[in-house]
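Hi,

Here is the structure I promised to pass on. Have a look at it first, then read my notes below.

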Amino acid sequence: MAMLEVKDIEVYYGMIKAIKGVSFEVNEGEVIALIGANGAGKTTILHTITGLLSPKKGSVVFEGQDITKIPAHKIVTLGMAHVPEGRRVFSQLTVLENLMMGAYTRKDKDGIQKTLDMVYKRFPRLEERKNQMAGTLSGGEQQMLAMGRALMSKPKIIVMDEPSMGLSPILINEIFDIIETVKADGTTVLLVEQNAKKALSIADRAYVLETGNITLSGDAKELMNDDSIKKAYLGE
């Protein structure tokens, strides 16, 4: 059984049908990439999965439980963390306070400290800047903070929305290296990413979204060599 199953969801903004019956699944331990042009509906799908939007039709099932009507804050307690587009750190709080916000659903103090140590090990810059206001960090550091904050909830799956947006090529490589270590540690990843080449290079499987429909899916490496994908998304 898949860890996450999205079944035939339809999502509307007013009268506009943004998502037109999309289905896909994510298995435990995979990195799944969702690629597509701007406005294809990628973020809308993530918001529906994490409880920020409600589909008009269809369902979202996580570890065998239908979570379609469960509010976002309760979904976090089930083991799903969301790294939103644009990072959305709490700019008036310190780095450490931001990280602790990620652990607000947990009660195990010793476990929280262990997770914090792990986050600092993975993101040494966050430890160096733990008492700094999050709003004063660079874009790359804020992205690391958003990822670290998500990891503080000890998720089974992390849903990431455009983690490379606005970052330099060096930082993009760093962020993708971290996504690979997150996977290696046993956390499942659902990745929405404008940088299709990077996303396909680390994903196990991928789905291509066009105007609210999935038009192609398969092994990420095979899709990377698909001529239509090369032309549309890889600039080749």
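Let's start with helix 3 and helix 6: they pack at an angle of about 35°, and their axes are 6 Å apart. This is a predicted model, by the way, so please read everything here in that light. The crossing of helix 3 over helix 6 is right-handed. On the helix 3 side the contact uses V95, N98, L99 and G102, and on the helix 6 side L145, G148 and R149. Sorted by class, that contact has three nonpolar, three polar and one charged residues.

Helix 3 (residues 95-102) also meets helix 4 (residues 109-122), with the axes coming within 11 Å and crossing at roughly 125°. That angle makes helix 3 oblique to helix 4. Here too the crossing is right-handed. The residues involved are L96, L99 and M100 from helix 3, facing I112, L116, V119 and Y120 from helix 4. This contact has seven nonpolar residues, with no polar and no charged ones. Note that L99 turns up in the contact with helix 4 and in the contact with helix 6.

Back to helix 6, which has another helix partner. Helix 6 and helix 7 pack at an angle of about 10°, with 10 Å between their axes. Because of that angle, helix 6 counts as roughly parallel to helix 7. From helix 6 the contact takes G140, Q143, M144, M147 and L151, and these meet L171, E174, I175, I178, I179 and V182 in helix 7. The class split for this contact is eight nonpolar, two polar and one charged.

Now the sheets. One is an open sheet of six strands in the order 6-7-8-3-9-10, and its pairing is mixed. Strand 6 (80-83) and strand 10 (213-219) are the edges, each pairing on one side only. From one strand to the next, the twist averages 15°.

Some details on how that sheet is put together:

- Strand 3 (residues 31-35) pairs with strand 8 (residues 188-192) in the parallel sense, over four bridges. In this pairing I32 stands opposite L190 of strand 8.
- Strand 3 also pairs with strand 9 (residues 205-210), again in the parallel sense and over four bridges. I32 stands opposite R205 there, so to speak a residue to click on when you want to look at both pairings.
- Strand 9 and strand 10 pair in the antiparallel sense over six bridges. Y207 has S217 of strand 10 as its bridge partner.
- Strand 9 and strand 10 form a hairpin with two residues between them, and T211 in the turn has a positive phi of about 40°.Which helices pack on this sheet? Helix 6 (residues 139-151) is one of them, touching strand 6 and strand 7 (157-161). The direction of helix 6 makes about 170° with that of strand 6. Helix 7 (residues 169-184) lies across strand 3, strand 7 and strand 8, and runs at about 150° to strand 8. If you want to follow helix 6 around the model, then, look at its contacts with helix 3, helix 7 and the sheet.

There is also an open sheet of four strands, ordered 2-1-4-5, with antiparallel pairing. Its edge strands are strand 2 (16-26) and strand 5 (65-66), each of which pairs on one side only. Strand 1 (residues 4-13) and strand 2 are joined in the antiparallel sense by eight bridges. For a spot to zoom in on, E10 stands opposite K20 in strand 2.

Finally, the chain as a whole. How many helices and strands are there? The chain has 10 helices and 10 strands. Its radius of gyration is 17 Å, close to the 18 Å that the globule rule gives for 236 residues, so the chain is as compact as a globular protein of that length. Taken along the principal axes, the box filled by the C-alpha atoms is roughly 45 × 40 × 35 Å.

That's the lot from me. Shout if anything is unclear.

Cheers

Methods:
Residues numbered from 1 in each chain as written. Predicted model: local features only at pLDDT ≥ 70, side-chain atom pairs only at ≥ 80, totals over all residues. Heavy atoms only, no water. Axes fitted to C-alpha atoms, helices over the stretch in contact; angles between N-to-C directions. Parallel < 35°, antiparallel > 145°, perpendicular 65-115°, else oblique. Left-handed = near helix turned anticlockwise from the far one by under 90°. Contact = heavy atoms within 4.5 Å. Nonpolar A, V, L, I, M, F, W, Y, C, P; charged D, E, K, R; others polar. Pairing = 2+ DSSP bridges. Rg over C-alpha atoms; globule rule 2.2 N^0.38 Å.
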